[in-house]
Amino acid sequence: MNLLSTCIIEGGYPISFFSKPAIQTLIRKLLNGDNLIIPSSWTIRRHIDNLLVINNTEWITKFQNDMKECQKISITFDSTTGEGHIPYICITSFYINDWKIIENCIKCEYFQTPHTSQKVESKVTDILKSHNINLDSILSFTTDCGSNNY
């Protein structure tokens, strides 16, 4: 379970990727475990949530230290309805630190519908401020072409 969760977190794969039959067959073949039971997406999600809670303090400290030295940051975000019709918003950041491009998922959380442009703007601003991101340091915002983004 740890290996699968780490793969999802570090690789940036959607949890649903591992519920595809072809991927599950590949995992079983690679691990020589024809009878291997691959956890459900809900079990994986709970495990990832627990890992993120444990590592969150360490990540926040590192992220805030990076932000002190970072001149500019780019932000991507999207709000949608996921599996089980649960609405959420996800915000990621990209910046350069020590000549390496760093990508972080700043926040992925429940986001009550409707996703109007005013609610999205307010939510994104609140999340960025809660992570001590100086709005003047934002180089760009990238999102999809949803009608609520105008």
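Helices, as the word is used here, are DSSP runs of H or I that span at least four residues, numbered from the N terminus. In this predicted model, two such helices, α1 (2–11) and α2, each supply at least two residues of the lining of the second largest pocket. The points below take up that pocket, then helix α2, and then an open sheet of four strands.

**The second largest pocket**
- The second largest pocket has a volume of about 280 Å³, and its lining is made up of twelve residues, with Leu3, Leu4, Ile27, Leu31 and Leu36 lying nearest its centre.
- Helix α1 gives the largest share of this lining, namely three residues.
- By class, the lining divides into twelve nonpolar residues, with no polar and no charged ones.

**Helix α2**
- In helix α2, which covers residues 21–30, the buried residues are Ile23, Gln24 and Ile27; seen down the axis of α2, these buried residues fall within an arc of 100°, so they line one face of the helix.
- An α-helix has 3.6 residues a turn, so residues three or four places apart point the same way.
- Pro21, Ala22 and Lys29 are exposed on the other side of α2, and just after the helix Asn32 takes a positive phi of about 50°.

**The sheet**
- The four strands of the open sheet follow the order β3-β2-β1-β4, and their pairing is mixed.
- Because β3 (100–110) and β4 (138–142) stand at the edges with a single partner strand each, one side of each is left without a neighbour in the sheet.
- Direction ignored, neighbouring strands of this sheet are turned by 20° against each other on average.
- Strand β1 (residues 73–81) pairs with strand β2 (residues 87–97) in the antiparallel sense over eight bridges, and Ile75 stands opposite Ser93 in β2.

Notes: Residues are numbered from 1 along each chain as its sequence is written. This is a predicted model: local features need pLDDT of at least 70, side-chain atom pairs count only at pLDDT 80 or more; totals for chains, interfaces and linings use all residues. Side-chain values use heavy atoms; hydrogens and water are left out. Buried means under 20% relative accessible area, exposed over 50%, partly exposed in between (1.4 Å probe, protein chains only). The arc is that of the directions from the helix axis to the C-beta atoms. Two strands pair if DSSP finds at least two bridges between them. Axes are lines fitted to C-alpha atoms, for helices over the stretch in contact, and angles run from 0 to 180 degrees between N-to-C directions. On a 1 Å grid over the protein atoms alone, a cavity is a set of points where a 1.4 Å probe fits but cannot get out, and a pocket is an open set with protein on both sides within 12 Å along at least five of seven lines; lining residues have an atom within 4 Å of a point. Grid points are joined across faces, edges and corners, and a volume is the space filled by probe spheres set on the points. Ala, Val, Leu, Ile, Met, Phe, Trp, Tyr, Cys and Pro count as nonpolar, Asp, Glu, Lys and Arg as charged, and the others, Gly among them, as polar.
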